[in-house]
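User: I've got this one up on screen and I'd like to get my bearings. Could you zoom in on one part and talk me through what sits around it, then carry on through the rest?

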Amino acid sequence: MAPGKYRRFLAALAFGSIVAAGSTAIAQSDASQVRAVEISSELQTKFDKDYGLREAATLKQDLQRTVDRSLKKMGKSKVAFVDLTIEDAKPNKPTFQQLSKNTSLSYSSSYSTGGAKVYAKLFDSSGALIGTVSHEYYSRGLNEIYSEYGWADADRAFNGAARKIQKEAERAG
């Protein structure tokens, strides 16, 4: 690498580290209203055997972030915290574990219909249950896939669940 390119690379790397550190500090300063994100035992078996544990962690983080963002948009409500359960999830593209087990699959050219099912319990500050939400979305055909992301339809389901949770929180007061 030429000296000029090397300096630009280091500068870009340093800038990325600063931005990442700043966003982590911001994220940690905001308290999450999501108390727990669980995965159903049936889905956990799929992650263990087929999808890979890394994918479970990614989906849990995506769902928490999506619901937190939705609740923060609405502002103050009676909802103190939310417990979430991902009851089912299907990827649109092969996961890394699936790719490693089956070499005939290709991340760039293998597509499938996907989706997810989410269940949420909303609680007030005393711990009393004030509402429940269930939402699922599964694409019906390959023409409905809107992204190259491997969990695009699950992400769409998470967005729908977050909207329903927000509406239930508004209804609760």
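Analyst:
**One histidine and its surroundings**

Let's start at His135, which sits in strand 4, the stretch covering residues 129-138. Keep in mind that this is a predicted model. Is His135 buried or exposed? It counts as buried, because its relative accessibility is 15% and the cut-off for buried is under 20%. Even so, its side chain has a polar partner: there is a polar contact with the side chain of Lys164, at 3.4 Å. Lys164 also turns up on the list of residues that His135 touches once those up to four places away in sequence are left out. The rest of that list is Ala116, Lys117, Val118, Ala157, Gly160 and Ala161.

Now for the chain around that spot. It has 173 residues, and 39% of them are buried. There are 5 helices and 4 strands, running α-β-α-α-β-α-β-β-α from the N terminus. Of the contacts with a separation of 6 or more, 70% are between residues 24 or more positions apart.

Strand 3 is a good next stop, starting with Gly115, which lies in that strand. Gly115 has 0% relative accessibility, so it counts as buried. Beyond the residues up to four places away in sequence, Gly115 touches Asp88, Ala89, Lys90, Tyr137, Tyr138, Asp153 and Ala154. For a sense of how the chain folds back, take Gly115 and Phe158: they are 43 residues apart in sequence, while their C-alpha atoms are 9.1 Å apart in space.

Lys90 is one of the residues that Gly115 touches, and it is found in strand 2. Lys90 counts as partly exposed because its relative accessibility is 37%. Its contacts, leaving aside neighbours within four places in sequence, are Lys46, Tyr51, Gly114, Gly115, Tyr138 and Trp151. Lys90 also has a C-alpha separation of 9.7 Å from Ala152, although their positions lie 62 residues apart in sequence.

Tyr51, from that Lys90 list, takes us to the rings. How many aromatic pairs does a search of the whole structure find? The count is 5. The pair Phe47 and Tyr51 is edge-to-face, because the ring planes are at 70 degrees, with the centres 5.5 Å apart. Both residues lie in helix 2, 4 residues apart, which is about one turn of the helix. Trp151 joins them, as ring pairs link Phe47, Tyr51 and Trp151 into a cluster. Phe47 is buried because its relative accessibility is 0%, and Tyr51 is buried too, since its relative accessible area is 8%.

Another of the aromatic pairs is Phe81 with Phe123, and this one is stacked: 20 degrees between the planes and 5.1 Å from centre to centre. This pair links distant parts of the chain, with Phe81 in strand 2 (residues 81-90) and Phe123 in strand 3 (residues 115-123), 42 residues apart. Both rings belong to buried residues: Phe81 qualifies because its relative accessible area is 17%, and Phe123 because its value is 11%.

Back to helix 2 and what it packs against. Two packed helices are described by the angle between their axes and the distance between the axes. Helix 2 (residues 41-51) and helix 3 (residues 53-74) pack at about 135 degrees, with axes 7 Å apart. That angle makes helix 2 oblique to helix 3. Which residues meet there? From helix 2 they are Gln44, Phe47, Asp48 and Tyr51, and from helix 3 they are Leu53, Glu55, Ala56 and Leu59. By type, the residues of this contact split into 5 nonpolar, 1 polar and 2 charged.

Ala56 is worth a last look. It lies in helix 3 and counts as buried because its relative accessibility is 5%. Apart from its neighbours within four places in sequence, Ala56 is in contact with Ile39 and Phe47, and Phe47 is in the ring cluster with Tyr51 and Trp151. The C-alpha atoms of Ala56 and Ile86 are separated by 9.5 Å, with the two residues 30 apart along the chain.

Conventions
Residues numbered from 1 in each chain as written. Predicted model: local features only at pLDDT ≥ 70, side-chain atom pairs only at ≥ 80, totals over all residues. Heavy atoms only, no water. Helix = DSSP H or I, 4+ residues; strand = E, 2+ residues; numbered from the N terminus. Buried < 20%, exposed > 50% of the residue type's maximum accessible area, 1.4 Å probe, protein only. Polar contact = N/O pair within 3.5 Å; in protein donor to acceptor, adjacent residues only side chain to side chain. Contact = heavy atoms within 4.5 Å. Axes fitted to C-alpha atoms, helices over the stretch in contact; angles between N-to-C directions. Parallel < 35°, antiparallel > 145°, perpendicular 65-115°, else oblique. Nonpolar A, V, L, I, M, F, W, Y, C, P; charged D, E, K, R; others polar. Phe/Tyr/Trp six-rings, centres within 6.5 Å; stacked < 30°, edge-to-face > 60°.
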